[in-house]
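Reader: I would like a close look at one part of this model, the places where oppositely charged side chains pair. After that, please go on to the rest of the fold and to a few single residues.

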Amino acid sequence: MRSPASVAGLEDLGRVRLSANFYLRDFLYSEIAALHGLRNIPEDPDLAIAAGRQLCETLLEPLNATFGRVAIRSAYRSPAVNAFGNANGFNCASNEANHAGHIWDRRDAAGRIGAKASIVIPWFADRYAAGEDWRALAWWIHDHLPYSSLQFFPKLAAFNIGWREDPVRRIDSFIAPKGCLTKPGRDGHDADHSGWYAGWPSLAAPGRL
């Protein structure tokens with residue numbers, strides 16, 4: 001599939017269904033692109049679709065089935081949008097660091113594909129606002145889903161969630177306690193964390209196409 005060069009072509013691309021409840025269009029909106037007139041469209045749609053389907057089917061659909069609506073805050077970024085965000089202090093890592101991350105249509109340095117989205121789970125955002133610790137959700141995801149990376153943020157307990165071939169399995173946070181919560185080799189990485197989320201919903205079967 002070629003990168004679209006017309007409104008009709010972009011509409012067709014946006015209609016591509018990545019999973020039971022998510023379409024590619026859900027992931028293309030960018031405040032940076034909208035405000036600064038930048039093109040946020042995959043240059044390699046086939047690769048973006050392949051990576052996005054894995055993100056949706058293995059991570060977002062199970063979250064949606066278990067906790068209800070998943071709100072997409074930021075997801076796909078074109079190299080131009082990400083580079084602009086990085087250069088202007090909009091909390092975007094370098095393009096190289098975001099290959100197989102927010103830049104879905106670029107393989108990383110090791111040739112792996114991946115995709116990342118920044119999301120909010122309203123079910124948890126309400127609990128977080130009432131004082132629940134962000135680590136409860138972090139450990140629930142760690143124990144139930146094949147994520148590669150998670151990064152948590154203070155507003156609404158939003159977090160980046162990434163799928164990647166050969167996953168890292170690392171969790172970091174900008175909410176106290178800040179820094180790395182876990183990574184392979186760290187004490188407790190493979191421990192029982194169920195006490196953090198006692199009484200929470202069990203993992204529900206995700207929707208399937």
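**Charged pairs and their setting**

Author: With a relative accessible area of 27%, Asp-133 is partly exposed, because the class runs from the 20% limit for buried to the 50% limit for exposed. The model is a predicted one, and the values below are computed from it. Asp-133 pairs with Arg-135 in a salt bridge, where the closest N and O atoms lie 2.7 Å apart. Other charged residues are joined by salt bridges that share partners: Asp-108, Arg-112, Arg-164 and Asp-166 form one network in this way. As a general point, side chains of opposite charge can pair when their charged atoms come close. The structure holds 10 salt bridges, and two others can be described in detail.

One of them joins Glu-132 and Arg-127, whose closest N and O atoms are 3.1 Å apart. Both partners are partly exposed: Glu-132 has a relative accessibility of 23%, and Arg-127 has 31%. Another is the salt bridge between the side chains of Glu-11 and Arg-15, with an N to O distance of 4.0 Å. Here the partners fall into two classes. Glu-11 is partly exposed at 41% relative accessibility, whereas Arg-15 is exposed, with a relative accessible area of 52%. The limit that puts Arg-15 in its class is 50%, since exposed means over that value.

Next comes the sheet. Its 6 strands are arranged in the order S1-S2-S4-S3-S5-S6, the sheet is open, and the pairing is mixed. Strand S1 (71–74) and strand S6 (179–182) are the edge strands, each pairing on one side only. From one strand to the next, the twist averages 30°. At the S1 edge, S1 and strand S2 (residues 114–120) pair in the antiparallel sense, with 3 bridges between them. Within that pairing, Ser-74 has Ser-118 in S2 as its bridge partner.

Two helices lie across strands of this sheet. Helix H3 (residues 45–67) crosses S1, S2 and strand S4 (159–164), and runs at about 125° to S4. Helix H7 (residues 134–144) lies across strand S3 (149–152), S4, strand S5 (170–173) and S6, running at about 50° to S6. S4 therefore appears in both lists, once under H3 and once under H7. Ala-50 is one residue of H3. Ala-50 is partly exposed, its relative accessibility being 35%. The C-alpha atoms of Ala-50 and Leu-18 are separated by 8.4 Å, although the two residues are 32 residues apart along the chain.

Strand S5 can be followed through two of its residues. Asp-172 is placed in S5 and counts as buried at 17% relative accessibility. This falls in the buried class because the limit is 20%. Apart from neighbours within four places in sequence, Asp-172 is in contact with Leu-150, Gln-151 and Phe-152, and also with Gly-179, Cys-180 and Leu-181. The C-alpha atoms of Asp-172 and Phe-153, 19 residues apart along the chain, are 9.4 Å from each other.

Ser-173 is also in S5, and at 5% relative accessibility Ser-173 is buried. The side chain of Ser-173 reaches the backbone nitrogen of Ile-175, at a distance of 2.8 Å. Not counting residues up to four places away in sequence, Ser-173 touches Trp-134, Phe-152, Lys-178 and Gly-179. Phe-152 and Gly-179 are thus contacts of both Asp-172 and Ser-173.

Last is helix H4 (residues 79–87), in which Pro-79, Val-81, Asn-82 and Gly-85 are buried. These four lie on the same side of H4, because they cover an arc of only 165° around the axis. An α-helix has 3.6 residues a turn, so residues three or four places apart point the same way. What do the buried residues of H4 pack against? Their partners are helix H2 (31–36) and helix H5 (95–98). Just after H4 comes Gly-89, with a positive phi of about 70°.

Terms used:
Residues numbered from 1 in each chain as written. Predicted model: local features only at pLDDT ≥ 70, side-chain atom pairs only at ≥ 80, totals over all residues. Heavy atoms only, no water. Buried < 20%, exposed > 50% of the residue type's maximum accessible area, 1.4 Å probe, protein only. Arc of directions from axis to C-beta. Contact = heavy atoms within 4.5 Å. Pairing = 2+ DSSP bridges. Axes fitted to C-alpha atoms, helices over the stretch in contact; angles between N-to-C directions. Polar contact = N/O pair within 3.5 Å; in protein donor to acceptor, adjacent residues only side chain to side chain.
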